[in-house]
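Please open the model in your viewer and keep the sequence alongside, since each stop on this tour asks you to select something and then look at what surrounds it.

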Amino acid sequence: MKTYIDHNHLPFWINKQERGFTLIEVLVAIVVLSVGLLGLAGLQTVSLRSNHSAYLRGQATLLAYDIADRMRANMSAVQTGDYHEPTLPTTIPNCEGSSAYCSSIQMVQYDISQWNNRVTGWLPSGAGMVCKDSDLSDDDDATPDDTKCDEIFTSSAPYVIKIWWDDDRSGNLMHFVTSFEP
């Protein structure tokens, strides 16, 4: 049985000509929905960028703790200043394992080599330096090429761990600096 609507007996507030959405109303709804979705996509992009930046800062913090722990394990080299801007030989001693014996200076070379490998491996364009620095106020201007460290080892200055990386791959280096008192 078919049901027919008698348009003559519809309530007064229903216009007989209205039968759904017009094309303009649908297009406006699509534009509003599209703008909202683009806003969500932009918010997601900013969130991912911020999370990645926080991740890299966390990695830099872990790397600073890593070298500080290595230094604590080799206190004789810390006290004599062997960790102050160390230079690495072409052949790095292998101080790992129970059969390997290394002097304190060889341990410094091994530690710095291992640490530098981690810094460059974990951080984009990563670079790091351990040095004595009596003037921490100039560290904002420090770069991997100009570390702003003390030229001469002074026992009263704190050790400073400086790490740089390219946070957003734009060429602008971020830096992390922490002092270390043995």
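Helices (H or I, at least four residues) and strands (E, at least two) are taken here as DSSP runs and numbered from the N terminus. With that naming in hand, begin at arginine 169, which lies in the loop between E2 and E3 of what is, throughout, a predicted model. Its phi is near 60 degrees, a positive value in a residue other than glycine. Most residues other than glycine have a negative phi. Arginine 169 counts as exposed because its relative accessibility of 62% lies over the 50% cut-off.

Now zoom out and colour the protein chain by secondary structure. There are three helices and three strands, and reading along the sequence gives the pattern α-α-α-β-β-β. Of the 182 residues in the protein chain, 29% are buried, and the accessible surface comes to about 12,400 Å², with 56% of it belonging to carbon and sulfur atoms. Among contacts with a separation of 6 or more, 57% are between residues 24 or more positions apart.

Next, select the three strands together. They form an open sheet in the order E1-E2-E3, with antiparallel pairing. Strand E1 (127-132) and strand E3 (173-180) stand at the edges, and each has a single partner strand, so one side of each is left without a neighbour in the sheet. Neighbouring strands of this sheet are turned by 15 degrees against each other on average, direction ignored. Staying with the pair on either side of the loop where the tour began, you will find that strand E2 (residues 159-166) and E3 run antiparallel and are joined by eight bridges. To look at one bridge, select tryptophan 165, whose bridge partner in E3 is methionine 174.

Which strands does helix H1 touch? Select residues 23-72 to display H1, which packs on the sheet and touches E1, E2 and E3, its direction making about 150 degrees with that of E2. Then add helix H3 (residues 104-122), which also packs on the sheet, touching E1 and E2, with a direction that makes about 140 degrees with that of E1.

Keep both helices on screen and hide the strands. H1 and H3 pack at an angle of about 175 degrees, with their axes 10 Å apart, and this angle makes H1 roughly antiparallel to H3. To see the contact itself, show the side chains of Leu56, Gln59, Leu63, Ala64, Asp66, Ile67 and Arg70 on H1, and those of Tyr110, Asp111, Ile112, Gln114, Trp115, Arg118, Val119 and Trp122 on H3. The residues of this contact divide into nine nonpolar, two polar and four charged.

Remaining on H3, move to glutamine 109, which lies in this helix. Is glutamine 109 buried or exposed? With a relative accessible area of 18%, glutamine 109 is buried, because the cut-off is under 20%. If its neighbours within four places in sequence are left aside, glutamine 109 is in contact with Leu88, Pro89, Ile92 and Pro93.

For the last stop, select glutamate 85, in the loop between helix H2 (75-80) and H3. Here, too, phi is positive in a residue other than glycine, with a value near 40 degrees. Glutamate 85 is partly exposed, with a relative accessible area of 29%, whereas arginine 169, where the tour began, counts as exposed.

Definitions and conventions: Residues are numbered from 1 along each chain as its sequence is written. This is a predicted model: local features need pLDDT of at least 70, side-chain atom pairs count only at pLDDT 80 or more; totals for chains, interfaces and linings use all residues. Side-chain values use heavy atoms; hydrogens and water are left out. Two strands pair if DSSP finds at least two bridges between them. Axes are lines fitted to C-alpha atoms, for helices over the stretch in contact, and angles run from 0 to 180 degrees between N-to-C directions. Contact means heavy atoms within 4.5 Å. Angles under 35 degrees count as roughly parallel, over 145 as roughly antiparallel, 65 to 115 as roughly perpendicular and the rest as oblique. Ala, Val, Leu, Ile, Met, Phe, Trp, Tyr, Cys and Pro count as nonpolar, Asp, Glu, Lys and Arg as charged, and the others, Gly among them, as polar. Buried means under 20% relative accessible area, exposed over 50%, partly exposed in between (1.4 Å probe, protein chains only). Accessible areas come from the Shrake-Rupley method with a 1.4 Å probe; for residues, only the protein chains shown count as cover.
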